[in-house]
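Thank you all for coming. I would like to walk you through one structure today, beginning with what surrounds its ligands and then turning to its pockets and a few points in its backbone.

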Amino acid sequence: MANVTILEHPLIKHKISLLRDKNTGTRDFRILIEEIATLMGYEALRDLPTELVEVETPLMKAMVPMVSGKKLAIVPILRAGLGMVNGILALDPTAKVGHIGMYRDEVTHIPHEYYCKLPDSLEERTIVVLDPMLATGGSAVDAISLIKQRGGKQIKFMSIIAAPEGLKALTEAHPDVEVYCGNLDDRLNENCYILPGLGDAGDRIFGTK
Ligand code: PRP
Ligand code: URA
């Protein structure tokens with residue numbers, strides 16, 4: 001699928017397997033989500049623009065590459081996307097952070113937006129949208145539409161686990177968006193949960209039911 005990268009690194013796969021285990025508790029679950037986000041972010045950000053700048057080493061002046069342009073924008077989809085934010089900030093502590101609140105109706109599974117606050121000058125930034133779960137794709141599709149309405153152009157989407165149904169919906173709605181997934185799972189169940197999945201990511205990160 002054009003514009004989709006399924007990450008095949010054994011460390012990412014190993015950590016996702018630990019996440020899936022129902023006996024993994026809240027503390028470890030949070031740590032793993034953050035670590036996976038860092039590993040995925042390293043890959044997703046490999047095309048950040050750089051420019052040569054002069055620095056003086058202890059031995060001489062040299063022209064060396066530094067990341068250029070406006071600061072990166074990270075946009076977690078609430079709640080579960082919040083768990084991935086520090087993992088990306090570990091790579092770029094200067095990034096701006098926006099938030100989009102979405103919840104899925106438990107019966108219809110249709111997403112509803114309840115909050116949106118985004119950094120300025122979106123059109124000049126690389127924007128990384130974070131949500132550990134891409135199930136039907138409704139939340140990601142709507143969140144990205146919102147970002148585009150506010151001027152966002154260069155958008156990447158990162159999910160730790162994706163269902164084929166969500167990946168299809170997202171790439172059809174936003175073919176220009178680069179999508180990075182830690183694993184492509186089998187399918188959705190009748191409640192639109194991903195199988196084998198990891199359950200409800202928000203509840204597992206925040207210890208709610
Ligand atoms: C979960 C998850 C995604 C969404 C994915 O959020 O964090 O945002 O479902 O499903 P979709 O691809 O079918 O839209 P949820 O609505 O449960 O809200 P929460 O993060 O506040 O728990
Ligand atoms: N949201 C989750 O947290 N998990 C799923 O499997 C599907 C949507």
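Let me begin with ligand 1, where S6 supplies the largest share of the surrounding shell, namely three residues; strands such as this one are DSSP runs of E with at least two residues, helices are runs of H or I with at least four, and both are numbered from the N terminus. Before going further, I should say that this is a predicted model, in which local features need pLDDT of at least 70 and side-chain atom pairs count only at pLDDT 80 or more, while totals for chains, interfaces and linings use all residues. Residues are numbered from 1 along each chain as its sequence is written, chains are lettered from A and ligands numbered from 1 in the order in which they are written, and side-chain values use heavy atoms, with hydrogens and water left out.

Around ligand 1 there are 15 residues, the closest being Arg104, Asp131, Thr136, Gly137 and Ser139, where a residue is counted if one of its heavy atoms lies within 4 Å of the molecule. By class, that shell divides into seven nonpolar, four polar and four charged residues; here Ala, Val, Leu, Ile, Met, Phe, Trp, Tyr, Cys and Pro count as nonpolar, Asp, Glu, Lys and Arg as charged, and the others, Gly among them, as polar.

Which polar atoms come within reach of the oxygen atoms of ligand 1? A polar contact is a pair of N or O atoms within 3.5 Å, and one of them joins a polar side-chain atom of Arg79 to an oxygen atom of ligand 1 at 2.9 Å. From the backbone, an N or O atom of Ala135 lies 2.8 Å from an oxygen of this ligand, and one of Ala80 lies 3.3 Å from an oxygen of it. Taken alone, ligand 1 exposes 490 Å², of which the protein buries 90%, with areas computed by the Shrake-Rupley method and a 1.4 Å probe.

Arg79 also deserves a word for its backbone, as the peptide bond that leads to Arg79 from Leu78 is cis, with omega near -5 degrees, and Arg79 is placed in the loop between S4 and helix H3 (82–89).

Turning to ligand 2, we find Arg104, Met133, Ala135, Cys192, Tyr193, Ile194, Gly199, Asp200 and Ala201 around it. A polar backbone atom of Ile194 is 2.8 Å from an oxygen atom of ligand 2, while a backbone N or O atom of Gly199 lies 2.8 Å from a nitrogen atom of the ligand. For Ala201, a backbone N or O atom lies 2.8 Å from an oxygen atom of ligand 2. Taken alone, ligand 2 exposes 240 Å², and the protein buries 88% of that.

Where do the two ligands sit? The space taken by ligand 1 is the largest pocket, and ligand 2 likewise takes space in the largest pocket; a molecule sits in a pocket if more than half of its atoms lie within 2 Å of its grid points. A pocket, on a 1 Å grid over the protein atoms alone, is an open set of points where a 1.4 Å probe fits, with protein on both sides within 12 Å along at least five of seven lines, and its lining residues have an atom within 4 Å of a point.

The largest pocket is lined by 30 residues, and Tyr103, Arg104, Tyr193, Asp200 and Gly202 lie nearest its centre.

Note on methods. Polar contact = N/O pair within 3.5 Å; in protein donor to acceptor, adjacent residues only side chain to side chain.
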